[in-house]
Amino acid sequence: MSAEHFDVLIMGAGLSGIDAAYHLQKCCPKRSYVILEQRERIGGTWDLFRYPGIRSDSDMLTMGYSFRPWTNPKAIAPGDDIRDYVTATARDEGIDRHIRFRHRVQNAAWSSQDASWTVNALRREPDGRETPVTLTCNFLFSCAGNYRYSSGYLPEFPGMDCFAGRIIHPQVWPDDLDYAGKRIIIIGSGATAVTLLPAMAKTASHVTMLQRSPTYVVSMPEQDRIANFLRRLMPDVWAYKLSRWKNVAYMLNVYQLAQRYPNFMKAGIIKKISKELGPGYDVATHFTPRYNPWQQRLCLVPDGDLFQAIRDGRGSVVTGQIERFTEKGIRLQSGEELQADVVVTATGLVLQAFGGANLEVDGRTVDLGKTLAYKGVMLSGVPNLAAVFGYINASWTLKADLICTYVCRLLNLMDRKGARQVTPRNGCEAAVAPFIEIGKFNPGYMERAIDNWPKQGSKPPWRVYQNYLRDIWSLKWSPVENKALEFSGPVQASSRRASEAAGHQPA
Ligand SMILES: Cc1cc2nc3c(=O)[nH]c(=O)nc-3n(C[C@H](O)[C@H](O)[C@H](O)COP(=O)(O)OP(=O)(O)OC[C@H]3O[C@@H](n4cnc5c(N)ncnc54)[C@H](O)[C@@H]3O)c2cc1C
């Protein structure tokens with residue numbers, strides 16, 4: 001029996017998968033598509049992460065879709081509200097009918113002869129069994145996020161099994177955890193740690209954020225007063241457009257300022273933190289990073305909730321190296337011992353491309369680490385494949401929207417040209433940097449994954465920008481046609497066989 005076929009197969013029903021489906025329906029209405037989603041629900045990140053206080057750390061006016069106003073008064077929004085927004089978009093646009101839940105894509109093999117991908121997935125049945133499912137498609141669009149869903153990153157700390165309390169990773173938050181009145185240590189200093197501290201401190205006896213080194217933390221109003229005011233004056237669509245551009249302009253300016261005048265920026269951030277925490281607080285040790293602002297993602301805290309928890313004495317920050325876990329807590333290399341009933345390891349994610357699926361082109365496994373990213377969307381030598389990887393110095397969705405627009409433009413150009421295959425071809429561009437690079441600094445999670453991720457070259461179209469304005473030009477306005485893109489139209493095997501059977505010689 002031949003496999004079910006679609007024009008486009010989207011992997012993942014998170015923020016980006018729904019975005020991709022919306023754009024396909026709007027700009028390529030004749031193309032059939034299906035979404036394969038390994039989980040049981042829509043939402044991806046915003047469904048998976050359930051730790052206390054989970055929220056966006058960029059404003060939803062830029063993290064919302066370009067086509068659907070974010071009307072919630074909270075611009076820094078709780079995870080549940082984001083999940084509801086994505087789910088409602090899928091429902092209202094009729095996208096949910098195209099989703100096949102509990103389908104985990106395992107591998108995808110491209111055949112140039114057939115100009116199609118054969119996609120193998122495992123379907124999880126209600127009784128837990130897994131059944132193999134095979135589909136074919138002409139274009140594979142990976143919206144599978146950028147990290148491993150099965151488990152997060154957990155460094156091996158000596159003595160972890162001696163600890164008498166519970167150790168929890170925020171990626172798998174247990175429903176039964178009651179931490180009221182308990183002493184908590186959170187290991188980490190990133191967005192998750194600064195979110196968890198004030199949220200857990202509401203009921204815990206005390207929360208300590210234990211960090212090896214500090215991160216920049218910036219307070220931002222939870223509500224965007226200008227956006228909320230504009231919504232009272234004009235239709236939601238207009239208020240959203242204006243507020244979105246206001247925030248894009250703000251973000252670009254702050255980023256540029258940080259790149260050009262890092263010392264000025266650093267001094268400004270540290271001054272604000274000192275003001276929040278008062279004169280006696282050791283800001284130099286706990287909130288002054290060794291790198292410059294925006295060399296790693298800044299951590300946003302709504303209405304300074306982190307600083308408030310520290311001021312109230314419900315939370316504290318300790319900066320030091322872990323020597324080992326003990327029965328009662330954690331001993332630091334300085335000799336200090338911190339006691340805890342619960343330790344939360346907010347130590348990060350494991351980066352994973354294409355949802356962990358293996359890719360093959362004409363029988364050869366694609367070694368992702370040897371490919372170059374084309375416009376940050378496709379891969380050198382891999383036909384009819386695109387992936388969403390959003391910004392790390394701005395809202396993910398700004399880039400996801402642009403990539404979805406670009407893929408539709410590409411598909412429509414293929415139609416006009418009668419091409420069934422499009423392949424980015426790298427002539428002589430050398431790999432000069434990892435896929436993600438901010439300034440000259442590579443975030444730790446990228447360093448860990450560097451070998452298995454595509455690289456970028458030194459100039460367009462092989463550069464991956466973290467710059468919205470450049471990407472608007474590169475993905476939305478500049479011609480899709482490019483000398484590095486090879487369009488071809490291999491004859492479909494089935495039609496060739498039919499033609500051969502009728503006595504014609506293949507060309
Ligand atoms: C805790 C946390 C907070 C974040 N906060 C922000 C923020 O404030 N602002 C921001 O811009 N970004 C943030 N990000 C980045 C975030 O990942 C994006 O905002 C956005 O959710 C990414 O959407 P996505 O759909 O591309 O990926 P995901 O949300 O990761 O969704 C991917 C989907 O693909 C599915 N999938 C994966 N592999 C397979 C497979 N093999 N087969 C089938 N399905 C598969 C997954 O189940 C999932 O549903 C945050 C990330 C995390 C982890």
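This is a short talk on one protein chain with a bound ligand, and the model is a predicted one.

I will start with the ligand. How many residues surround it? The count is 31, and the closest are S16, E37, D57, S58 and Y149. Two of the side chains come to the same figure: an N or O atom in the side chain of S16 is 2.5 Å from an oxygen atom of the ligand, and a polar side-chain atom of E37 is 2.5 Å from a ligand oxygen. For Q38, a polar side-chain atom lies 3.0 Å from an oxygen atom of the ligand. On its own the ligand has 970 Å² of accessible area, and the protein covers 95% of that.

Which elements give two or more residues to the shell around the ligand? They are helix α1, residues 15-27, helix α2, residues 45-48, and strand β4, residues 103-111. The largest share comes from β4, with 3 residues. Sorted by class, the shell has 14 nonpolar, 12 polar and 5 charged residues.

While we are at α1, please find H23, which is in that helix. Is H23 buried or exposed? Its relative accessibility is 8%, so H23 counts as buried. The side chain of H23 reaches the backbone oxygen of D19 at 2.9 Å. On helices in general, an α-helix has 3.6 residues a turn, so residues three or four places apart point the same way.

Next, the aromatic rings. A search of the whole structure gives 20 aromatic pairs. I will take two of them. W245 and Y468 form a tilted pair, with 5.9 Å from centre to centre and 40 degrees between the planes. This pair links distant parts of the chain: W245 belongs to helix α7, residues 236-260, and Y468 to helix α13, residues 468-477, with the two positions 223 residues apart. The two partners differ in cover. W245 has 45% relative accessibility and therefore counts as partly exposed, while Y468, at 10%, is buried.

The second pair is F435 and W453, also tilted, at 5.8 Å centre to centre and 55 degrees between the planes. F435 sits in the loop between β23 and α12, and W453 in the loop between α12 and β24, so the pair ties together parts that are 18 residues apart in sequence. Both F435 and W453 are buried.

Ring pairs also make a cluster, in which Y22, Y65, F67, W70 and Y85 are linked. Two lysines lie over ring faces as well. K241 is over the face of W238, 5.6 Å from the ring centre, and K417 is over the face of F487, 5.0 Å from the ring centre.

Now helix α5, residues 191-201. How many of its 11 residues are buried? The number is 9, so the helix is mostly covered. Among those buried residues are V194, L197 and M200.

Compare helix α12, which holds Y445. The relative accessible area of Y445 is 29%, and this residue is therefore partly exposed. The C-alpha atom of Y445 is 8.8 Å from that of Y153, although the two are 292 residues apart along the chain.

Then there is D224, in the loop between β10 and α6. D224 has a relative accessible area of 11%; buried means under 20%, so D224 is buried. What does its side chain contact? A polar atom of the D224 side chain lies 3.2 Å from the backbone nitrogen of I226. The side chain of D224 also has a polar contact of 3.3 Å with the side chain of N247.

Last, some backbone details. The peptide bond from P460 to P461 is cis, with omega near 0 degrees. P461 is placed in the loop between β24 and α13.

Two residues other than glycine have a positive phi. For K375, phi is near 55 degrees. K375 is in the loop between β19 and β20, and it is buried, with a relative accessible area of 8%. For N384, phi is about 45 degrees. N384 is in the loop between β20 and β21, and its relative accessible area of 1% makes it buried.

To go back to the start: the ligand has 31 residues around it, and the protein covers 95% of its accessible area. That is the end of my talk.

Definitions and conventions:
Residues numbered from 1 in each chain as written. Predicted model: local features only at pLDDT ≥ 70, side-chain atom pairs only at ≥ 80, totals over all residues. Heavy atoms only, no water. Near = heavy atom within 4 Å. Polar contact = N/O pair within 3.5 Å; in protein donor to acceptor, adjacent residues only side chain to side chain. Areas by Shrake-Rupley, 256 points an atom, 1.4 Å probe, with all protein chains shown as cover. Helix = DSSP H or I, 4+ residues; strand = E, 2+ residues; numbered from the N terminus. Nonpolar A, V, L, I, M, F, W, Y, C, P; charged D, E, K, R; others polar. Phe/Tyr/Trp six-rings, centres within 6.5 Å; stacked < 30°, edge-to-face > 60°. Buried < 20%, exposed > 50% of the residue type's maximum accessible area, 1.4 Å probe, protein only. Lys NZ or Arg CZ within 6 Å of the ring centre and 35° of its normal.
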